[in-house]
Amino acid sequence: MTVQLRVYVPPHPLIKHWLAVARDAATPSVLFRSAITELGRWLTYEAAREWLPTEETVVQTPLDSCPATVINPQIPVAVVPILRAGLGLLEGAQTLLPLASIYHLGLVRDEETLEPSCYLNKLPAKFDPQTRVLITDPMLATGGSIMTAMAELVQRGVDPGLTRIVCVVAAPPALQKLSAAYPGLIIYTATIDEVVNNQGFIVPGLGDAGDRIFGT
């Protein structure tokens with residue numbers, strides 16, 4: 001069976017609500033930041049389903065022993081926020097993955113060529129091959145930044161099949177590039193918009209996520 005990129009848009013009312021808040025140009029920075037945090041929380045909740053490693057055990061209730069399922073602490077989990085906008089989603093993701101290691105990756109896009117360059121790379125030299133990696137990046141537009149991030153991770157031993165991307169808005173150019181290079185990848189997004197303009201912005205999108213998160 002052919003492996004294909006999978007993109008999930010969870011039909012959760014809280015995701016829809018916070019997306020609407022984030023899209024609204026009238027939303028002030030402090031509320032926009034809260035909306036992105038909440039989207040990070042709920043999209044990570046959806047992404048963690050059937051992804052976090054578990055193990056079977058037995059616990060003692062006040063009345064008797066019974067079988068139980070717990071998160072396997074022996075298998076590492078990592079979150080990689082793509083700076084700077086990915087930090088907005090990180091806060092919500094961390095509330096659900098409090099024991100995950102956080103590795104920052106700073107990428108900036110040239111406004112003329114739209115090509116990304118790296119200004120900060122805190123990734124380890126090598127990941128355990130079983131590591132579950134969650135990437136947070138609000139906008140998957142042209143695909144330049146996310147493709148750079150995936151290349152950095154894969155060359156350090158990360159399995160794309162164990163990787164999840166959490167974003168707020170995704171667009172066809174990025175999804176097509178990811179599908180061609182990493183067909184086993186799974187993406188969770190609040191919505192998919194069809195248009196990326198000449199400046200590399202998703203339309204209707206939600207504007208510059210980093211500027212709106214940090215009020216700059």
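This is a short talk on the fold of one protein chain, going from its overall form to a few single residues.

Thank you all for coming. Before anything else, please keep in mind that what we are looking at is a predicted model, and that the values I mention are computed from it.

Let me begin with the chain as a whole. The program that assigns secondary structure finds six helices and 13 strands in this chain. If you look at the C-alpha trace along its principal axes, it spans about 65 × 40 × 35 Å. How does the radius of gyration of the chain compare with that of a compact globule? For 216 residues, a compact globule would have a radius of gyration near 17 Å, and the chain has 18 Å, which agrees with that expectation.

As for the surface, the chain exposes about 10800 Å², with carbon and sulfur atoms supplying 56% of this area, while 47% of the 216 residues count as buried. Turning to contacts between residues at least 6 apart in sequence, 65% of these join residues at least 24 apart. The charges can be treated briefly: there are 15 positive and 20 negative ones, and their mean positions are 0 Å apart.

Now to the inside of the chain, where I would like to take helix α3 as an example. Which residues of helix α3 are buried? Within this helix, which runs over residues 86-96, they are G86, G88, L89, L90, G92 and A93. The cover over these buried residues includes two other helices, α2 at 29-48 and α6 at 209-214, together with the strands β4 at 77-83, β5 at 101-102, β8 at 132-136 and β10 at 163-170.

In the loop that leads from β4 to α3 we find R84, and the peptide bond that joins L83 to R84 is cis, with an omega of about 5 degrees. There is also a cis peptide bond from V203 to P204, where omega is near 5 degrees, and P204 lies in the loop between β13, residues 202-203, and α6. Helix α6, as I said a moment ago, is included in the cover of α3.

Next, let us follow the chain from α2 towards β2. In the loop between these two elements sits E50, a residue that has a positive phi of about 60 degrees although it is not a glycine. Is E50 buried or exposed? With a relative accessible area of 79%, E50 is exposed, because that value lies over the 50% cut-off.

Beyond that loop comes a pair of strands, β2 at residues 54-60 and β3 at residues 65-71, which pair in the antiparallel sense over seven bridges. The two strands form a hairpin, with four residues between them. You can trace the pairing through two of its bridges: T54 has I71 of β3 as its partner, and Q60 has S65 of β3 as its partner.

Let me stay with I71, which belongs to strand β3 and is partly exposed, its relative accessible area being 48%. Leaving aside residues up to four places away in sequence, I71 touches L52, P53 and T54. The C-alpha atoms of I71 and L52 are separated by 6.9 Å, although the two residues are 19 residues apart along the chain.

Two further residues deserve a look, and F127 is one that you can find in the loop between β7, residues 116-121, and β8. Why does F127 count as buried? Its relative accessibility is 6%, which is under the 20% cut-off, and therefore F127 counts as buried. With residues up to four places away in sequence not counted, F127 touches A78, Y103, L153, R156, G157 and V158. From F127 to D159 the distance is 9.4 Å, C-alpha to C-alpha, and in sequence these residues are 32 residues apart.

The other residue is Y8, which is found in strand β1, residues 6-8. At a relative accessible area of 34%, Y8 is partly exposed. Again not counting residues up to four places away in sequence, Y8 touches I186, I187, Y188 and T189. Y8 and L43 are 35 residues apart in sequence, with their C-alpha atoms 9.6 Å apart in space.

That brings me to the end, and I am happy to go back to any of these places in the structure.

Technical notes. Residues are numbered from 1 along each chain as its sequence is written. This is a predicted model: local features need pLDDT of at least 70, side-chain atom pairs count only at pLDDT 80 or more; totals for chains, interfaces and linings use all residues. Side-chain values use heavy atoms; hydrogens and water are left out. The radius of gyration is taken over C-alpha atoms; the globule rule is 2.2 Å times the number of residues to the power 0.38. Buried means under 20% relative accessible area, exposed over 50%, partly exposed in between (1.4 Å probe, protein chains only). Contact means heavy atoms within 4.5 Å. Accessible areas come from the Shrake-Rupley method with a 1.4 Å probe; for residues, only the protein chains shown count as cover. Lys and Arg count as positive and Asp and Glu as negative; His and the chain ends are not counted. The place of a charge is taken as NZ of Lys, CZ of Arg, CG of Asp or CD of Glu. Two strands pair if DSSP finds at least two bridges between them.
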